[in-house]
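Hi,

Here is the structure I said I'd pass on. Have a look at it first, and my notes follow underneath.

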Amino acid sequence: MIEVNKKQDCCGCTACAAICPKDAIAMKEDNEGFLYPTVDKETCIDCGACERVCPIIHTAKEKPFEQAAYIVQNKDQKILRESTAGGAFTAIAKYVLHNNGVVFGVELGTDLMAHHVAVEKENDLYRFRNSKYVQSSVGGGTHRQIKSFLEQGRFVCFSGTPCQIEGLKNFLKKDYDNLVTVDVVCRAVPSPLIFRKYVEYQKKVLSDNIKTVRFRDKHYGYKYSTMNVITDRNHGNYHQGVESDPWLRAFFSNICDRPSCHSCHFRKQYRVSDFTIWDCFNVGRFSKELDNDKGATRVLVHTKKGREIFNAIKDDFSYVEIAPEAAIAGAKEMKESVASNGKRESFFKDANRMSGEELFNKYFPETFKVKVEHCIRLTCYKLGIYSAAKKLYVRLTHKY
Ligand SMILES: Cc1cc2nc3c(=O)[nH]c(=O)nc-3n(C[C@H](O)[C@H](O)[C@H](O)COP(=O)(O)OP(=O)(O)OC[C@H]3O[C@@H](n4cnc5c(N)ncnc54)[C@H](O)[C@@H]3O)c2cc1C
């Protein structure tokens with residue numbers, strides 16, 4: 001029976017709960033807001049299925065194989081504008097839907113939390129565009145629903161973090177020709193509890209009625225992407241970047257990540273998915289044409305199925321093919337876990353007793369330095385020198 005003695009030994013993929021033949025495992029939120037399995041010992045028959053599917057106990061061994069790599073930019077300007085990077089995911093998902101398929105991805109629900117859901121209509125794919133920088137819940141029936149679609153012969157696409165993909169693959173136990181998996185290079189997944197605190201904070205600052213949140217908006221371009229909070233009052237006019245928005249500051253300071261992300265088992269070049277997708281900020285190194293500040297995705301193709309799909313959709317993109325080694329060079333998050341912030345423990349302690357406003361004002365206050373940095377970034381953007389200034393900054397500091 002699955003027992004989580006150390007928090008870093010559970011990534012919250014929910015494969016264990018899904019495989020249980022007695023439905024004896026429930027995913028319960030801990031005091032940091034992350035879901036962990038709890039077993040009803042009365043109902044459990046100790047069959048061991050939950051341990052067999054755990055991707056942390058049974059992580060896929062990394063074996064080198066032939067890969068292909070591309071940098072892509074979706075030609076559809078609306079899709080490109082709404083996507084985090086170059087809109088690679090929508091093109092893959094569209095292909096699956098055009099072949100009578102079903103696509104599973106992460107949306108920010110009306111409850112302002114991230115959930116895995118399924119869509120069958122192309123018009124609904126917008127729900128998956130844009131990364132939600134908070135751990136998604138893979139609801140109770142998702143794994144079983146996917147298996148049922150696969151057994152019916154439907155084409156299925158599942159996208160998520162690398163741990164969610166390995167959990168699903170272990171749950172399914174065999175390879176299906178009609179399954180396409182897409183994972184992201186993932187720095188870490190932050191806490192849903194802290195995100196709720198952020199929403200509480202923004203309700204105080206902006207308006208009680210928050211319609212939705214976009215974590216990577218391109219209002220000021222791709223290279224200065226911002227958090228966009230849309231309320232009943234602001235006409236979507238909240239755009240703050242990593243230097244000033246409290247959520248982005250929390251995310252990029254690793255203060256509220258899931259403990260397993262700090263010793264992640266799934267950071268590797270050779271993965272079990274068909275595609276791995278991630279950002280390409282230094283796109284100018286590979287292509288002048290794609291260096292237009294509209295966004296570009298690096299796509300690493302792992303399988304023959306992935307190569308066939310890429311060939312079928314490549315006309316949706318402006319793209320360049322590059323060597324896989326060049327694609328992954330400098331992508332630290334692909335192979336190395338991020339270190340935890342030294343203030344993590346006190347941050348969560350405070351989160352359990354403070355309001356959202358008190359918490360974020362204590363740890364991420366809007367200081368003079370923050371205001372100045374925001375002002376500098378905006379001025380560079382308005383002068384049209386943001387990309388050049390950022391390039392210089394990265395060259396001098398080696399920081400992104
Ligand atoms: C939590 C998280 C951390 C990331 N960290 C990095 C990083 O460190 N470096 C980097 O280069 N790129 C990172 N990415 C990937 C990056 O943000 C883009 O998703 C990627 O470049 C693809 O962009 P796109 O425009 O092609 O597709 P998009 O339109 O961005 O497609 C988004 C895809 O991500 C999935 N998704 C969205 N939110 C979640 C979530 N919470 N959990 C699981 N899946 C989700 C959607 O289902 C969809 O498949 C991260 C993404 C997430 C979700």
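Let's start with the ligand, keeping in mind that this is a predicted model. One of the ligand's oxygen atoms sits 2.9 Å from an N or O atom in the side chain of Thr297. The protein covers the ligand well: on its own the ligand would expose 890 Å², and 97% of that is buried by the protein.

Backbone atoms join in too. A polar backbone atom of Asp279 is 3.0 Å from an oxygen atom of the ligand, and for a polar backbone atom of Asn130 the distance to a ligand oxygen is 3.2 Å.

As for the wider surroundings, 32 residues surround the ligand, and the closest are Thr84, Ala85, Ser131, Lys132 and Val185. Sorted by class, that shell holds 13 nonpolar, 13 polar and six charged residues. If you want to find it by secondary structure, look at α4 (88-98), β4 (102-108), β6 (156-160) and β11 (275-279), each of which supplies at least two shell residues. β11 gives the most, with three.

I also checked the cysteines. The whole structure has zero disulfides. Why does Cys163 not form a bond with Cys11? Because their sulfurs are 4.3 Å apart, which is too far, although Cys11 has the closest cysteine sulfur to that of Cys163; a disulfide would need the two sulfurs within 2.5 Å. Cys264 is in a similar position: the closest cysteine sulfur is that of Cys163, 6.4 Å away and again too far for a bond. Cys163 is buried, at 12% relative accessible area, while Cys264 is partly exposed, at 24%.

Cheers

Conventions. Residues numbered from 1 in each chain as written. Predicted model: local features only at pLDDT ≥ 70, side-chain atom pairs only at ≥ 80, totals over all residues. Heavy atoms only, no water. Near = heavy atom within 4 Å. Polar contact = N/O pair within 3.5 Å; in protein donor to acceptor, adjacent residues only side chain to side chain. Areas by Shrake-Rupley, 256 points an atom, 1.4 Å probe, with all protein chains shown as cover. Helix = DSSP H or I, 4+ residues; strand = E, 2+ residues; numbered from the N terminus. Nonpolar A, V, L, I, M, F, W, Y, C, P; charged D, E, K, R; others polar. Buried < 20%, exposed > 50% of the residue type's maximum accessible area, 1.4 Å probe, protein only.
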